[in-house]
Every structure is written in structure tokens, then in C-alpha cells.
Amino acid sequence: MSVWLPTSPCTPEACTGHEGRTASVPHAVLRLVAAVALILLGILGAPPVRLLPAGPRHVVVRAWSAALVRAFGIRITVLGNPGPEGGRLVVANHISWLDIPLVAAVLPCRMLAKSDIRGWPVLGRLAGGAGTLFIERDRIRALPATVEAVTRALLAGDRVTVYPEGSTWCGRARGTFRRAAFQSALDARVPVQPVRLAYLGSDGKPAGAPAFVGDDPLTTSLWRIARSRGVRAEVRLLPRIPPGRYADRRDLAAAAQRAVAAADPAPPALPGIPGQPTPPSATDKDRAKRPAASVHQ
């Protein structure tokens with residue numbers, strides 16, 4: 001494992017508990033069946049959908065993605081305006097594998113994901129068919145080629161979503177935005193669209209069930225989400241950072257991170273900033289200090 005990979009202190013034991021109501025086992029099974037059916041439909045439909053013009057294609061992708069999120073019983077709330085079409089780098093905090101269809105339900109785009117996802121059963125094939133860009137996270141030498149690929153996609157007018165924390169966090173705390181992907185926005189001279197994602201329970205507090213952190217198995221995460229009730233996903237589209245405002249990727253990444261943090265009504269701790277409360281107590285666990293096996297880059 002490379003020492004440069006970002007890590008998260010969040011663990012399933014500390015972060016994924018669900019305190020609200022739960023669905024019955026038969027109801028949860030029906031949710032999973034509906035989700036699998038939608039995924040299979042997505043795999044079969046991806047090739048012809050990609051041949052559609054951008055407008056109709058985005059309509060189909062939004063509808064399918066929203067249906068997948070709702071199949072798990074999660075309601076979606078969107079705050080803000082997606083704005084005009086055209087190339088832009090979409091950057092969001094990262095909590096769960098659900099972030100991918102959640103963002104696509106609002107802003108259909110190409111995703112930048114870790115190369116391991118290619119090997120995921122069913123989902124890997126779906127990701128490939130959707131035009132996902134993959135990064136080999138264990139090979140730092142592959143990073144320039146990834147930045148170049150993202151730049152080409154942006155220049156072609158595509159929206160590309162990245163999760164610059166580099167690891168999933170529970171939603172009660174966040175990681176630092178890594179700056180490499182922001183170079184693509186500078187090179188392509190396109191805006192950066194910060195997005196804040198949150199999964200909230202019926203009490204309005206962060207919901208633990210959707211969090212996909214640490215060594216959490218995908219099957220466990222699927223079942224936990226299917227059993228939860230009263231979860232709402234909130235997508236807050238923040239003002240875009242226009243091209244040319246920042247000449248350095250470090251400054252651009254910091255500006256995007258500040259925008260996402262400021263959008264939280266009760267901003268969580270950011271590691272390494274003096275005077276702020278410490279992250280969750282999961283940091284006391286040794287295995288929580290490893291890069292999460294669930295991350296997308």
C-alpha cells in the first residue's frame with residue numbers, strides 16, 4: 001500500500017449505526033431486488049443511451065440515477081441551480097458509493113473512480129459503460145496521465161465529477177481536498193462546481209447507514225441501507241468558481257474545500273486546523289488509519 005494515499009479515520013463500528021426506524025426484512029429484500037433490476041437495466045441500456053445527444057442522454061441518466069437512489073428508500077433534496085451545460089469539474093465531499101448515482105441524478109457526468117471498481121461484480125461493468133474515467137491509486141506515476149484524461153474530457157464539453165478527499169468519510173467529519181484533479185480545470189479553463197453531499201436522518205442529523213467507510217464490505221453496506229428508513233439525501237449545488245479566478249491548483253482546491261465546508265450548517269472538524277474539535281474517536285483504532293477500501297478517487 002502506498003504511503004501517499006489519503007486516509008480516513010472513519011470506521012464502520014464508529015460511524016455506520018442507524019438510530020431511526022428500520023424496514024422489515026421482506027421490504028429490504030424488495031428494495032435490493034428493485035436496485036439490482038435497475039442496475040441490470042442500466043448495463044443493457046448504457047450503449048444505446050451513450051449514442052443519444054447530450055440533452056436526451058442527461059434526461060435518461062438523471063431519471064435512472066434518481067430511481068436507483070430511491071429504490072433504497074432514500075429521498076432526494078436538491079438545493080441550488082445546476083446552471084448551463086458545458087464542461088466543468090464537479091467536486092464533492094465523499095461519504096458513500098451512493099454518492100455516484102446521487103450526483104448523477106442532479107448533474108449527469110463522467111466520474112473519476114479507482115481502477116478497482118472495474119472488477120466489482122455488475123457495478124464495474126455499469127461504471128465502464130457509463131464512461132467512467134479510472135485512476136490507479138497505488139501508482140503515483142499514473143497520476144499525470146489521469147489528469148490529462150480528465151482535461152481532455154473537460155475540453156470535449158463533458159462534466160467530470162471527482163471526490164478530491166480521496167477517501168470516504170462519515171459525513172460528520174471531512175478530509176482535505178487533494179489538489180491534483182484541479183489541475184485539469186486549470187488546463188481546460190473550465191469552472192469548478194463545488195457540491196456538498198449529506199445523508200440526513202428524520203431528526204435532521206447525519207445518518208450513519210449510507211456511510212461506506214474503512215473495511216466495510218459492499219454487501220454489508222447494501223443491506224444496511226436497504227434496512228434503514230427515514231434517510232434523506234441532500235445535494236447542495238454551490239456557486240461555481242469561474243476559470244481564471246485562481247492560477248494555482250492548491251489555491252483552487254482550498255477555495256472549493258472552503259465552499260463545501262461553509263455550506264454545512266454545523267461545519268465538522270477539518271484535520272490539522274488548530275482550535276477545531278478533533279475527528280470522531282474512530283481514530284483510536286489502528287485499522288481506521290488505513291486508506292479505506294471503499295474509496296473513489
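Let's start with contacts: among pairs in the protein with a separation of 6 or more, 81% are between residues 24 or more positions apart. Please keep in mind that this is a predicted model. It has 297 residues, and 51% of them count as buried. In terms of secondary structure, we have 9 helices and 7 strands. The accessible surface comes to about 13600 Å², and carbon and sulfur atoms hold 58% of that.

Now to the cysteines, since someone at the bench always asks. How many disulfides does the count come to? The count comes to 0. Take Cys10 and Cys170. The closest cysteine sulfur to that of Cys10 is in Cys170, at 3.7 Å. It works the other way round as well: for the sulfur of Cys170, the closest cysteine sulfur is the one in Cys10. A disulfide needs the two sulfur atoms within 2.5 Å, so 3.7 Å is too far for a bond. Both residues are buried, Cys10 at 0% relative accessibility and Cys170 at 2%.

Staying in that part of the sequence, have a look at Thr168. You'll find Thr168 in the loop between strand E5, residues 159-162, and helix H7, residues 182-188. Is Thr168 buried or exposed? Thr168 is buried, because its relative accessible area is 1%, under the 20% cut-off. Its side chain has a polar partner too: a polar atom there lies 2.6 Å from the backbone oxygen of Phe212.

Next, please find Arg189, in the loop between H7 and E6. Most residues other than glycine have a negative phi. Arg189 is not a glycine, and yet its phi is positive, at about 55 degrees. Arg189 counts as exposed, with 57% relative accessibility.

A little further on there is another arginine, Arg196, and this one sits in strand E6, residues 192-200. Arg196 is buried, at 3% relative accessibility. So what lies 3.2 Å from a polar atom of the side chain of Arg196? That would be the backbone oxygen of Ala263. If you move to Asp264, you can see how the chain comes back to this place: Arg196 and Asp264 are 68 residues apart along the chain, while their C-alpha atoms are separated by 7.9 Å.

Let me finish with two helices, H2 and H8. Helix H8 covers residues 218-227, and its buried residues are Ser221, Arg224, Ile225 and Ala226. Which helix do those buried residues pack against? They pack against H2.

H2 also has something to show on the surface. Val25, Val29, Val33 and Trp223 make a nonpolar surface patch of about 320 Å². Helix H2, residues 25-50, gives the largest share of that patch, with 3 residues. One of the patch residues, Val25, has its place in H2. Val25 counts as partly exposed because its relative accessibility is 42%, which falls between the 20% and 50% cut-offs.

To recap, the cysteine count comes to 0 disulfides, Thr168 and Arg196 are both buried, and the nonpolar patch takes its largest share from H2. Thanks, everyone, and I'm happy to turn the model around on the screen if you'd like another look.

Key:
Residues are numbered from 1 along each chain as its sequence is written. This is a predicted model: local features need pLDDT of at least 70, side-chain atom pairs count only at pLDDT 80 or more; totals for chains, interfaces and linings use all residues. Side-chain values use heavy atoms; hydrogens and water are left out. Helices (H or I, at least four residues) and strands (E, at least two) are DSSP runs, numbered from the N terminus. Buried means under 20% relative accessible area, exposed over 50%, partly exposed in between (1.4 Å probe, protein chains only). Contact means heavy atoms within 4.5 Å. Accessible areas come from the Shrake-Rupley method with a 1.4 Å probe; for residues, only the protein chains shown count as cover. A polar contact is a pair of N or O atoms within 3.5 Å; within protein, one must be able to donate a hydrogen and the other to accept it, and residues adjacent in sequence count only if both atoms are side-chain atoms. Patches are made of residues with over 30% relative accessible area and no salt bridge: like charges are joined within 9 Å, nonpolar side chains (Val, Leu, Ile, Met, Phe, Trp, Tyr) within 5 Å. A salt bridge is a side-chain nitrogen of Lys or Arg within 4 Å of a carboxyl oxygen of Asp or Glu.
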